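Dear colleague,

I am handing over the structure we spoke about, and my notes on it follow below. Please read them with the coordinates open beside you.

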Amino acid sequence: MSSQIDHLLNESRRFAPSAKFAADAVASADLYAQAGADREAFWAEQARALEWSTPFTQTLDWSNPPFAQWFADGELNVAYNCLDRHVEAGLGDRVALLWEGEPGDSRAVTYSELTDEVKRVANVLEGLGVGHGDRVAIYLPMIPEAIAAMLAVARIGAIHSVIFGGFSADSLRSRLDDAGAKLVITADGGYRKGRVSPLKPAVDHALGDRGAGPQESVEHVLVVRRTGNEVSWDADRDIWWHDAVPAASGEHVAQPFPAENPLFILYTSGTTGKPKGILHTSGGYLTQAAFTHKVAHDIHPASDVFWCTADIGWITGHSYVVYGPLANGTTQVLYEGTPDTPHPGRWWEIVQKYGVTILYTAPTAIRSFMKLGRQIPEQFDLSSIRLLGSVGEPINPEAWMWYRHVIGGDSTPIIDTWWQTETGAMMVSALPGVTETKPGSAQVSLPGITIDVVDDDGNHVGNGNGGLLVITEPWPSMLRGIWGDPDRFKETYWEKFETQGFYFAGDGARLDEDGDIWFLGRVDDVMNVSGHRLSTTEIESALVGNEAVAEAAVVGASDETTGQAVVAFVIIKQSYLDAHSPEGLAGTLRQWVGEQIGPIARPRDVYIVGELPKTRSGKIMRRLLRDVAEGREIGDTTTLADTMVMSVISAQVK
Ligand code: WT7
């Protein structure tokens, strides 16, 4: 880690925006001045870019921290703001979605068409008895219906919980139970890597007896036909989208809801085994998603073709595929599949086909393209691209330079955007056209956002020093809580710096001599694999759930492509050791984790060891296992109960 930091801090390349880009940019340095002069007035002004049925009179209520209320006496309809108002403004024929299926089928959906579809879906949902405050789970591939489903739920004041299609039936079940979902919207399947990934069967599985008994809250399943694979059918429970939606009325008036009406729950991994249902509300969330999308991505809605490659199952998809872009009336690409199907140039072919002007993706994707070589993107015309964005994990300077050079034609600005599921929208990012960028640094907090890097006691570390990242004042799109668990909300984010009232993000960061922020990764037991958040504890509990495993410890080890990779150290019960080969056991356990949580959680390596390094109080010292996994010299072992254990483990791993 320290050599990595030194390497980063020797990075001295700087890229000023071109005069042309700066002249046409949406953002200006003035935004910082405005926000600095009166932060609340600044956010009130951004909120007024939305259409409110009842204007708010109070901007922020922070009288009951850490529970913030933004624009609380105002009322709006989120879906109306993303759809109807553009149609009413005469923009109905503008394309909202340039959708591309993995097998190459495609569809352009205009704002009028999407509005019409959402109204029909809203009517179907109401017909099924779904109403204000009810939870609706969405388990869909990246198809236009997924966006229509989210907006229809928002339109009727219900709460969506999108579950990434790569999650297993078990993960789905625990999320359905936790949220008490009344309806699931899914598809027969989706295309991934040239194959059909079955979604409806996983829903059936999750709703049936999974050892936990039949699922209680779900009443209906609305099913989109996408792949035509055979699915089983429960006539009392299941409804085909293509039967119900076209038959529903296309008239639906969007009712206003209070700004603090819950909009969605999105589950993310924390430091314990149980995923947290992060709760976001309406007015503040939409304000910050729309504002940051516009200024950080320099959106010119009449001419830009925006492409955020994230799945809607993650927060990036919520804020920068659905809410931000649609609130701003943007035309965007929506792609169903994987980057390398059917060929490794698939993404660049899509950029060329649709003339993408702004591309927003993750460092892990950039690094895998780097590995394949520039000859692949060079076969396509990428000259339409004028701005690049990065999100999900620190971007190393080499990947940053490659991105700019090969994808950005050596001229595009790159924004490195730091934020979290919990923050709802971007918090730290350069402003294109304003900021002189530095490869590898996320740099500065956005206007209206107050960030600091502090020591363990909450004191500002000063330029040139490292510490913990905190957010010092509430922000509009902040999480409003963890679904059903206010205590965990307080403990996780607010207890550490209770005296100061700071939000603790869980990230290490360093301030350089200019005061710019460099992110250094998580400081807790949360891993970041390909920009996806995974909990060490959650994977450990999955492993010990297998009958062959006596004990397990999981670490995130640095990986050239995925940023971090899951590495598991397991102690196998003797009877299983006697009966199976270590390779066989390792393979079985990798697959097991994939089934329990989802393929993204599958360990890269499973090492079978005789013991785990523990302190005298029995705490596993993952730091030492990380040294082994990363092939480093093993650090300080003096607090171990048995100081010899690490040499035994190292020998076993070799
Ligand atoms: C964690 C949040 C933000 C949407 C995608 C991930 C890491 C995110 C960056 C960045 C360094 C980053 C942090 C953060 N992270 N963006 N630009 N530079 N680290 O959302 O799953 O909630 O994960 O991702 O560690 O805490 P998430």
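In this model, which is predicted, the ligand is surrounded by 22 residues, and those that come nearest are Trp418, Gln420, Thr421, Phe519 and Arg533. Two or more residues of this shell come from each of the elements α13 (315-327), β20 (414-417), β24 (503-511) and β25 (517-522), with β24 giving the most, namely three residues. Sorted by class, the shell around the ligand holds eight nonpolar, nine polar and five charged residues.

Two of the elements just named also belong to a sheet. This sheet is open and has four strands in the order β21-β22-β24-β25, paired in the antiparallel sense; its edges are β21 (451-454) and β25, each of which pairs on one side only. From one strand to the next, the twist averages 45°. Between β24 and β25, which run antiparallel, there are five bridges, and in this pairing Leu511 stands opposite Ile517 of β25.

A second region that you may wish to look at is strand β8 (residues 183-187), where five of the five residues are buried, so that the strand is largely enclosed by the rest of the structure. In a regular strand the side chains alternate between the two faces of the sheet. In β8, Leu183, Ile185 and Ala187 point one way while Val184 and Thr186 point the other way, and all of them are buried. Strand β8 pairs in the parallel sense with strand β6 (residues 135-139) over four bridges, and within that pairing Thr186 of β8 is the bridge partner of Tyr139. Strand β8 is also joined to strand β11 (residues 220-224) by five bridges, and these two strands likewise run parallel; here the bridge partner of Ile185 is Leu222 in β11.

As for the protein chain as a whole, there are 22 helices and 30 strands. Its radius of gyration is 24 Å, close to the 26 Å that the globule rule gives for 654 residues, and the chain is therefore as compact as a globular protein of that length. Taken along the principal axes, the box filled by the C-alpha atoms is roughly 75 × 65 × 55 Å. Of the 654 residues, 53% count as buried, and among contacts with a separation of 6 or more, 70% are between residues 24 or more positions apart.

With best regards

Terms used
Residues are numbered from 1 along each chain as its sequence is written. This is a predicted model: local features need pLDDT of at least 70, side-chain atom pairs count only at pLDDT 80 or more; totals for chains, interfaces and linings use all residues. A residue is near a molecule or strand if its C-beta atom, placed from the backbone, lies within 6 Å of it. Ala, Val, Leu, Ile, Met, Phe, Trp, Tyr, Cys and Pro count as nonpolar, Asp, Glu, Lys and Arg as charged, and the others, Gly among them, as polar. A residue is buried if 20 or more other C-beta atoms lie within 10 Å of its own, exposed if 12 or fewer, and partly exposed in between; C-beta atoms are placed from the backbone. Two strands pair if DSSP finds at least two bridges between them. Axes are lines fitted to C-alpha atoms, for helices over the stretch in contact, and angles run from 0 to 180 degrees between N-to-C directions. The radius of gyration is taken over C-alpha atoms; the globule rule is 2.2 Å times the number of residues to the power 0.38. Two residues are in contact if their C-beta atoms, placed from the backbone, lie within 7 Å.
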